[in-house]
Amino acid sequence: MGYNGWRNYETWLVNLWLSNDRGTYEYMVEIAEEVKEDEYPGLRMADILKEDIENGMPSLDGLYGDLLSSAIDAVDFDEIGKTFMEEYLRNY
């Protein structure tokens, strides 16, 4: 079951935040520039985005930490990376 054309709500939400903030979007374009010549640029971009988001997560214990970790684990970063790279390669 998907959400607004994405794998799930969590993936849609992360993509929304990444693409709707000008600074974050420009950062994604910079990543795309770096990885566009890789064999699998979408997957490389996905790895970078996942690492950045995981490194930026606050350290929470108990219920809230478990909920946040679960939500991040549900994000399909491969879908976000591949979709962004397809858009980037069409437009740049």
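Student: In this predicted model, is Leu 60 buried, partly exposed or exposed?

Tutor: Partly exposed means between 20% and 50% relative accessible area. Leu 60 has a relative accessible area of 42%, so the residue is partly exposed. Leu 60 lies in the loop between α3 and α4.

Student: Which residues make the nonpolar surface patch with Leu 60?

Tutor: Leu 63, Tyr 64 and Leu 67 make the patch together with Leu 60, and its area is about 460 Å².

Student: How should one read empty space, and what is the volume of the largest pocket?

Tutor: Rolling a probe the size of a water molecule over the atoms shows where empty space is left. Here the largest pocket has a volume of about 250 Å³. Two or more lining residues come from each of α1 (9-20), α2 (22-35), α3 (41-56) and α4 (62-74), and α1 gives the largest share, 5 residues.

Student: Which residues lie nearest the centre of that pocket, and how is the lining divided by class?

Tutor: Leu 13, Val 14, Ile 53, Ile 72 and Val 75 lie nearest the centre, out of 14 lining residues. The lining has 11 nonpolar, 1 polar and 2 charged residues.

Student: Which residue forms a salt bridge with Asp 76?

Tutor: A salt bridge requires a side-chain nitrogen of Lys or Arg within 4 Å of a carboxyl oxygen of Asp or Glu. Asp 76 pairs with Arg 7, with the closest N and O atoms 3.5 Å apart. This pair links distant parts of the chain, 69 residues apart: Asp 76 is in the loop between α4 and α5 (77-91), and Arg 7 is in the segment before α1. Asp 76 counts as buried at 17% relative accessibility, whereas Arg 7 counts as exposed at 54%.

How values were computed. Residues are numbered from 1 along each chain as its sequence is written. This is a predicted model: local features need pLDDT of at least 70, side-chain atom pairs count only at pLDDT 80 or more; totals for chains, interfaces and linings use all residues. Side-chain values use heavy atoms; hydrogens and water are left out. On a 1 Å grid over the protein atoms alone, a cavity is a set of points where a 1.4 Å probe fits but cannot get out, and a pocket is an open set with protein on both sides within 12 Å along at least five of seven lines; lining residues have an atom within 4 Å of a point. Grid points are joined across faces, edges and corners, and a volume is the space filled by probe spheres set on the points. Helices (H or I, at least four residues) and strands (E, at least two) are DSSP runs, numbered from the N terminus. Ala, Val, Leu, Ile, Met, Phe, Trp, Tyr, Cys and Pro count as nonpolar, Asp, Glu, Lys and Arg as charged, and the others, Gly among them, as polar. Patches are made of residues with over 30% relative accessible area and no salt bridge: like charges are joined within 9 Å, nonpolar side chains (Val, Leu, Ile, Met, Phe, Trp, Tyr) within 5 Å. Accessible areas come from the Shrake-Rupley method with a 1.4 Å probe; for residues, only the protein chains shown count as cover. Buried means under 20% relative accessible area, exposed over 50%, partly exposed in between (1.4 Å probe, protein chains only).
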